[in-house]
Amino acid sequence: MSATSRTLERRHQFASDNYSGICPEVLAAIEKANAGHASGYGNDAWTQKARELICHSFEANCEVFFVFNGTAANSLSLASLCDSMHSVICHEYSHIETDECNAPGFFAPGIKTIPIRGENGKLTPSHVERAVAHRDDVHHPKPRVVDITQATELGTVYSVAEVTALCKTAKKLGLHVHMDGARFANAVASLEVRPRQVTWEAGVDVLSFGGTKNGMAFGEAIVFFNRDLAENAMRRQKQAGQLASKMRFLTGQWVGLLENDAWLKNARHANSVAAQLHKALAKVHTLKIRYPCEANSVFVELPAKVTVALHERGWKFYTDVGPDGVARFMCSWDSTREDVEHLVKDIREALSGES
Ligand SMILES: *Cc1c(COP(=O)(O)O)cnc(C)c1O
């Protein structure tokens, strides 16, 4: 491998926050968890501590299950909430609808997602009401869950009032609320609220709490605020191949992230770098920013030739998350101001036709 391609591979990219490595707090915790022996399958001090820290962060007595990734966290949450005749109302751009290869229907056999529209990646109470009112007969799946993504797939954030209103409508219609929080930390950091305000106090029953994109090597937590719904969750977790045998390396990471609020520090940093990128790109008059920048990503309409030119310069980013022609630039806990300057310079040059 040439020196140049090695350099390119190490470059901080804006493709996804899962391109980043492990943050120092988590790495140190893994090292500590590695000392000596500990019981398997979560009967260990790290797992107990991680549970306590999550309950403490949410100021609630929750049931918590630690899994390897977000697809499992979402699917197992939905499996706990649904029977085979049920449906899940979600946004048309939600991860469960577009990016989980039918896993919800695999872990919860028979269930169907009902994708609906909503501006800036968000559901609204009236959209949910309309989706439920659409059919109420025995031939149609029975709506059972509203699935909210926080922060959304389009880089926006539901306010406390918006989540509360959605949950209120859901309860009125007899629906549970699941929150896909792969980027929950970024939402909390953006809103500057206590985690409980935008979850159980607002009416959320179950949260998929993301660790991977926030600075862990891997790991998400399923947090049941409504503990009754967790009755069979551990067996489902085991059956799904999501019960880690050396659990302490999963839960030790959570301890590293939650102790001293590293999770919020990481999220605040990623959000602030995205704000910097947003500000710089907003000054480029030939570019159109597509959505409000409220978390750690910026979505812009990019001419195809500019996308090609940026790819040629070694940049990686997604163009298939939102509508056609829209590129997503995602910031991580370790993105730097220099990374942003480098990217913006290349975008400006690509736009002006230089290469
Ligand atoms: C990344 C992500 C997930 C989790 O994806 P996995 O690849 O299964 O870990 C879930 N929801 C959203 C919104 C995501 O961005």
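Here is a short chat about the ligand and its surroundings in this predicted model.

Author: Residues are numbered from 1 along each chain as its sequence is written. In this predicted model local features need pLDDT of at least 70, side-chain atom pairs count only at pLDDT 80 or more, totals for chains, interfaces and linings use all residues, and side-chain values use heavy atoms, with hydrogens and water left out.

Reader: Which helix gives the largest share of the shell around the ligand?

Author: Being near the ligand takes a heavy atom within 4 Å of it. N69, H95, E153 and K213 are among the residues that surround it. Helices here are DSSP runs (H or I, at least four residues), numbered from the N terminus. The largest share, three residues, comes from helix α4 (residues 70–81).

Reader: How far is the polar side-chain atom of D180 from a nitrogen atom of the ligand?

Author: Polar contacts with the ligand are pairs of N or O atoms within 3.5 Å. A backbone N or O atom of G70 lies 2.9 Å from a ligand oxygen, and a side-chain N or O atom of T71 is 2.5 Å from a ligand oxygen. For D180 and the ligand nitrogen, the distance is 2.7 Å.

Reader: How many charged residues are in the shell around the ligand?

Author: Asp, Glu, Lys and Arg count as charged; Ala, Val, Leu, Ile, Met, Phe, Trp, Tyr, Cys and Pro are nonpolar, and the others, Gly among them, are polar. The shell has one nonpolar and six polar residues. The charged ones number five.

Definitions and conventions:
Polar contact = N/O pair within 3.5 Å; in protein donor to acceptor, adjacent residues only side chain to side chain. Helix = DSSP H or I, 4+ residues; strand = E, 2+ residues; numbered from the N terminus.
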